[in-house]
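Grab a pencil and get ready to poke around a protein chain. Try each exercise yourself before you read its solution.

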Amino acid sequence: MSGRPKTPLVLSATEREQLIALAKRRKTAQALALRARIVLACAEGLDNKVVAARQRVTQQTVSKWRGRFVELRLEGLLDAPRPGAPRTIEDERVDAVIAKTLESVPVGATHWSSRTMARAMGMSQTAVSRIWRAFGLQPHRQETFKLSSDPFFVEKVRDIVGLYMDPPLKAMVLCVDEKSQIQALDRTQPILPLMPGIPERRTHDYMRHGTTTLFAALDIATGQVIGELHRRHRSTEFLQFLRSIEANVPAQLDVHLVMDNYGTHKTPAVKAWFARHPRFHVHFTPTSASWLNQVERWFATLTEKCIRRGTHRSTRQLEQAIHQYLELNNSDPKPFAWVKSADDILASIERFCLRISNSGH
């Protein structure tokens with residue numbers, strides 16, 4: 001045994017009920033909820049190190065709130081007075097602003113602005129902005145998400161992540177997909193170039209000059225990409241691309257293909273081709289889980305560096321630009337570093353599901 005003995009932390013029935021209520025509050029100040037969870041864990045007799053690991057905080061944080069509660073009980077979990085000018089907005093009003101932001105929407109709008117909230121709460125817009133910044137609230141922002149409903153989600157995640165983190169011997173792992181409907185766009189007026197203090201400017205409207213589709217296979221070991229461009233996007237073109245992969249991969253290697261569930265990947269002709277080429281092994285990603293396919297990240301880089309700000313007056317010009325990018329990529333390839341294990345991914349998804357299941361929506 002080493003270190004100073006800890007003061008026993010014993011809760012009364014009333015204190016335990018109040019702490020549990022605070023810990024379960026999902027829509028108000030999370031700092032107070034975290035402190036309540038720390039105290040409840042300490043009351044179970046857990047060591048500070050274990051509590052810190054579970055709550056994802058430092059041991060110093062656990063020690064601080066444990067000591068504050070032992071000394072001042074529930075009052076100790078509130079923020080201590082700070083030096084400076086006295087506050088003009090009480091904790092109750094701050095909590096009311098946070099609760100109103102998270103639990104309601106204004107009439108005639110989908111989300112609060114600092115000005116509409118200020119009018120509703122009878123305070124200044126600056127005060128509302130300060131409160132939102134302090135608690136990390138950004139009502140104007142919205143992000144998207146999609147959870148896979150694939151019944152074999154866990155098995156497929158373990159299969160594909162296993163390929164990434166421990167590739168099989170005498171085999172090549174290729175992430176395969178198509179970037180379809182890439183548009184050759186030209187602006188209606190000349191682009192104004194970048195100048196000191198002035199960004200590059202272009203018109204908001206554009207002229208379309210056709211589309212193309214890029215079929216790509218990313219070698220996860222080297223970062224090299226086998227790519228082909230086709231004007232159409234059918235199983236016929238996909239079969240042609242598979243033949244290109246067959247020609248580019250040394251005959252002594254097995255080929256593991258990571259692909260999504262798009263219809264062109266599962267036609268009878270494609271299945272027959274795979275049956276005739278037993279060295280090819282297909283690994284389908286779960287539905288709505290394209291993030292598992294590393295070539296999607298490569299497509300994002302291609303869009304950012306080559307396509308989004310490009311000006312192409314014909315489909316041929318667009319295809320030339322993509323071919324040039326492929327050549328540059330393969331002259332100095334850089335593979336992506338996959339660091340998340342399957343257990344890490346599944347644990348992260350479990351935490352997200354628990355959070356949204358308790359969100360009240």
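Here come five exercises on this model, which is a predicted one.

**Exercise 1.** Find out which residues have the most contacts inside the largest nonpolar core, and which elements supply it.

*Solution.* Step 1: start with a general idea. In soluble globular proteins, nonpolar side chains tend to be buried together.
Step 2: look for such a group here. The largest nonpolar core holds 33 residues, and Val-157, Leu-214 and Trp-298 have the most contacts inside it.
Step 3: trace where the core comes from. At least two residues each are supplied by the helices α8, α11, α12 and α13, and also by the strands β1, β2 and β3.
Step 4: check for a second group. Another core lies apart from this one; it has 20 residues, including Phe-238, Phe-241, Ile-245 and Val-270.
Step 5: zoom in on Trp-298. Skip its neighbours within four places in sequence, and you still find contacts with Leu-214, Ala-216, Val-225, Tyr-325, Leu-326, Asn-329 and Phe-336.

**Exercise 2.** Work out how β2 pairs with β1 and with β3.

*Solution.* Step 1: take β1 and β2. They pair in the antiparallel sense, over 11 bridges. For a concrete example, Arg-187 has Tyr-206 in β2 as its bridge partner.
Step 2: go on to β3. β2 and β3 run antiparallel too, joined by six bridges. Here Leu-214 stands opposite Leu-229 in β3.
Step 3: look at the turn. The hairpin of β2 and β3 has five residues between the strands, and in it Gly-223 takes a positive phi near 85°.

**Exercise 3.** Decide for each partner in the Arg-158 and Asp-343 salt bridge: buried, partly exposed or exposed?

*Solution.* Step 1: recall the principle. Side chains of opposite charge can pair when their charged atoms come close.
Step 2: check the distance. The Arg-158 and Asp-343 side chains meet at 2.9 Å, N to O, and a salt bridge needs the atoms within 4 Å.
Step 3: place the partners. Arg-158 sits in helix α8 and Asp-343 in helix α13, 185 residues apart.
Step 4: compare with the cut-offs. Buried means under 20% and exposed means over 50%. Arg-158 has 42% relative accessibility, so it counts as partly exposed. Asp-343 has 47%, so it is partly exposed as well.

**Exercise 4.** Work out what the Asp-186 and Arg-313 salt bridge ties together, and how covered each partner is.

*Solution.* Step 1: find the contact. The two side chains, Asp-186 and Arg-313, meet at 3.7 Å, N to O.
Step 2: locate both ends. Asp-186 belongs to strand β1 and Arg-313 to the loop between α11 and α12, so the pair ties together parts 127 residues apart in sequence.
Step 3: check the cover. Asp-186 is buried, because its relative accessible area is 9%. Arg-313, at 55%, is exposed.

**Exercise 5.** Say whether Leu-147 and Glu-15 are buried, partly exposed or exposed.

*Solution.* Step 1: find Leu-147 in the loop between α7 and α8. Its relative accessible area is 34%, so Leu-147 is partly exposed.
Step 2: look around it. Leu-147 makes a nonpolar surface patch of about 260 Å² together with Phe-145 and Ile-356.
Step 3: turn to Glu-15, in helix α1. At 13% relative accessible area, Glu-15 is buried.
Step 4: list what Glu-15 touches. Leaving aside its neighbours within four places in sequence, Glu-15 is in contact with Val-10, Phe-69, Arg-73 and Leu-74.

Technical notes:
Residues are numbered from 1 along each chain as its sequence is written. This is a predicted model: local features need pLDDT of at least 70, side-chain atom pairs count only at pLDDT 80 or more; totals for chains, interfaces and linings use all residues. Side-chain values use heavy atoms; hydrogens and water are left out. A nonpolar core is a set of buried Ala, Val, Leu, Ile, Met, Phe, Trp, Tyr and Cys residues joined through side-chain atoms within 4.5 Å. Buried means under 20% relative accessible area, exposed over 50%, partly exposed in between (1.4 Å probe, protein chains only). Helices (H or I, at least four residues) and strands (E, at least two) are DSSP runs, numbered from the N terminus. Contact means heavy atoms within 4.5 Å. Patches are made of residues with over 30% relative accessible area and no salt bridge: like charges are joined within 9 Å, nonpolar side chains (Val, Leu, Ile, Met, Phe, Trp, Tyr) within 5 Å. Accessible areas come from the Shrake-Rupley method with a 1.4 Å probe; for residues, only the protein chains shown count as cover. Two strands pair if DSSP finds at least two bridges between them.
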